[in-house]
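Trainee: Could you take me closely through one part of this assembly, the place where two of its chains meet, and then set that part against the rest?

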Amino acid sequence: MEPVEQIIDLITVVGVFAFAISGALTAMEKKLDLFGVFIIAFATAVGGGSLRDVIIANRSVFWLTEPIYTYVIIGGTFFSILFRKKLGYLRTTLSLFDTVGLALYTIIGVKIGIQNDLSGVSCIALGTITGAFGGVIRDILVNDVPMIFQKEIYATISIFGGSLYFVLNHYGITGTKIELLAIFTIIILRSLVVHFEIKLPTIYSKN
Amino acid sequence: MEPVEQIIDLITVVGVFAFAISGALTAMEKKLDLFGVFIIAFATAVGGGSLRDVIIANRSVFWLTEPIYTYVIIGGTFFSILFRKKLGYLRTTLSLFDTVGLALYTIIGVKIGIQNDLSGVSCIALGTITGAFGGVIRDILVNDVPMIFQKEIYATISIFGGSLYFVLNHYGITGTKIELLAIFTIIILRSLVVHFEIKLPTIYSKN
Amino acid sequence: MEPVEQIIDLITVVGVFAFAISGALTAMEKKLDLFGVFIIAFATAVGGGSLRDVIIANRSVFWLTEPIYTYVIIGGTFFSILFRKKLGYLRTTLSLFDTVGLALYTIIGVKIGIQNDLSGVSCIALGTITGAFGGVIRDILVNDVPMIFQKEIYATISIFGGSLYFVLNHYGITGTKIELLAIFTIIILRSLVVHFEIKLPTIYSKN
């Protein structure tokens with residue numbers, strides 16, 4: 001394995017850990033029990049990639065054959081429970097990790113689409129599903145209308161970053177550097193959106 | 001491609017467009033943002049067929065390899081947003097299109113079951129899932145109890161039409177005319193139910 | 001087929017019947033119509049096993065090729081509707097059947113994981129999904145936060161029994177007797193939990 005790939009693997013684990021914490025915090029707000037907290041952490045961390053694997057033929061969901069994910073999520077669950085009163089101080093750090101997870105998962109999804117010779121729109125859909133739909137499944141499980149359908153520019157950035165990566169790839173511009181470019185584009189855009197509290201223009205009249 | 005098949009393809013696109021509008025309208029009632037409106041339109045239009053493809057082995061969901069569906073749904077989403085104040089006038093037309101979608105999707109689902117040598121009850125289940133479960137997924141995503149579990153004779157008509165098609169097929173009565181017969185049976189029954197506001201008999205005592 | 005397998009088949013049918021009744025009762029509390037009651041019964045009875053089959057590659061959901069399940073669920077639905085005022089008297093019996101279903105489904109799930117050469121944690125996950133996630137899908141469909149995330153030691157017993165079976169199997173201790181041992185362990189633990197109203201320790205402070 002090349003050093004760059006090792007770094008990406010390491011960052012992926014960090015992203016999964018951050019997603020798991022995000023899920024565990026939501027579950028604890030809803031006063032779920034230990035099992036509930038773990039399942040919501042699990043669904044948040046690997047739900048998007050699982051949905052991707054389910055809609056493509058002949059794929060088992062990735063975490064069945066790579067148990068490392070389950071261990072990281074178990075770790076994230078206990079970490080969240082132990083430090084739940086102090087995680088407020090880590091909000092900025094957690095948000096950055098979540099953004100890193102979004103970016104990595106998006107590009108992984110688009111790559112899988114390209115490997116399956118799918119059209120651009122389907123590759124980008126797979127990227128967005130992988131990156132952003134863990135949160136959708138989390139919200140459905142705790143009986144909320146999914147947050148990314150309502151409030152935040154989150155999936156839109158995944159669509160944008162996935163499109164950038166697909167188009168460059170389509171014109172033969174490939175390689176690890178291009179991957180990193182797309183990943184950092186998503187991270188920077190998302191950080192700007194969070195920092196300046198940018199929202200999608202509303203489609204409803206204000207009265 | 002035969003002319004009849006071309007007509008069915010054309011009608012399918014119209015059905016998808018109608019389902020997408022139905023989803024987009026629901027999403028706008030819930031004040032979702034642009035991304036949310038698109039996803040609900042998408043889930044309504046292709047969720048039933050996706051669920052069907054997911055539960056049968058070795059099938060990718062159909063819209064991954066046929067990007068036309070995604071384009072039609074994007075079109076339906078923007079159409080709904082632009083004309084959302086005027087869609088009330090089109091209620092009857094939209095309801096007819098939705099009925100056409102129900103009918104076509106039901107028969108497509110039953111046919112896929114027959115091609116996979118499944119039993120009658122499983123073929124009819126696939127028809128009903130394909131025809132009626134896009135709306136179920138829509139309702140779950142916006143946090144409602146699915147409408148077709150509560151109020152309307154919708155899935156029951158899909159079951160009836162699917163059964164008719166399966167039985168005729170079972171006795172060797174096949175061909176495009178039989179397909180059209182089953183499709184029109186569903187359309188007519190559903191139109192009668194809507195027009196006369198027929199409901200399933202309640203299983204609860206009235207007190 | 002050996003006599004023991006025939007008995008297990010018979011008990012499985014009883015478990016499915018019990019799960020279907022549990023689903024139908026929930027649906028009737030929510031005043032769903034006949035179709036809704038059937039679908040909730042169906043999802044409760046085979047939803048867990050369906051989710052398992054969906055996340056493993058190359059499997060159709062089991063009920064598509066074994067229509068007996070659908071017939072048992074239709075029977076359970078009508079039984080529930082007819083005797084809905086008297087099912088209160090059967091609460092203890094139904095709870096026992098439900099526990100039997102949990103136990104059998106858990107071990108079936110773990111066995112499928114072992115057949116697919118999956119790691120321990122993935123086998124146990126498949127067991128818990130098969131045994132306990134029909135109820136999760138039921139609760140999502142009727143718009144509740146899943147009960148097993150909140151109140152009861154249900155999934156935890158499935159995890160424990162599945163782990164026991166996996167570990168014994170891992171050390172070469174196999175056979176029908178070992179299966180029955182794991183099944184009865186789950187049944188006894190669950191019965192104790194129900195009888196003594198044991199709960200998971202809360203992770204929240206009591207104020």
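Mentor: The contact between chain B and chain C takes 22 residues from chain B and 23 residues from chain C, two residues being in contact if their C-beta atoms, placed from the backbone, lie within 7 Å. On the side of chain B that touches chain C, helix 2 (34-55), helix 6 (120-141) and helix 7 (155-170) of chain B each supply at least two residues, and helix 6 of chain B gives the most, with three residues; helices (H or I, at least four residues) and strands (E, at least two) are DSSP runs, numbered from the N terminus. Sorted by class, that side of chain B has 15 nonpolar, six polar and one charged residues, where Ala, Val, Leu, Ile, Met, Phe, Trp, Tyr, Cys and Pro count as nonpolar, Asp, Glu, Lys and Arg as charged, and the others, Gly among them, as polar.

This is a predicted model, in which local features need pLDDT of at least 70 and side-chain atom pairs count only at pLDDT 80 or more, while totals for chains, interfaces and linings use all residues. Residues are numbered from 1 along each chain as its sequence is written, and chains are lettered from A and ligands numbered from 1 in the order in which they are written.

Turning to chain C and chain A, their contact takes 22 residues from chain C and 23 residues from chain A. Helix 2 (34-55), helix 6 (120-141) and helix 7 (155-170) of chain C are the elements that give two or more residues to the side touching chain A, with helix 6 of chain C giving the most, three residues.

As for symmetry, a turn of 120° and a shift of 0.0 Å along the axis lay chain C on chain A with an RMSD of 0.0 Å, copies being superposed by least squares on the C-alpha atoms of residues with pLDDT of at least 70 in both. That is the relation of a three-fold axis. The copies use different surfaces, in that 18% of the contact residues of chain C recur in chain A. Of the residues of chain C, N58(C) comes closest to the rotation axis, at 3.2 Å (C-alpha).

Within a single copy, chain A has eight helices and zero strands, and its C-alpha trace spans about 50 × 50 × 30 Å along its principal axes. Residues 24 or more positions apart account for 70% of the contacts in chain A with a separation of 6 or more.
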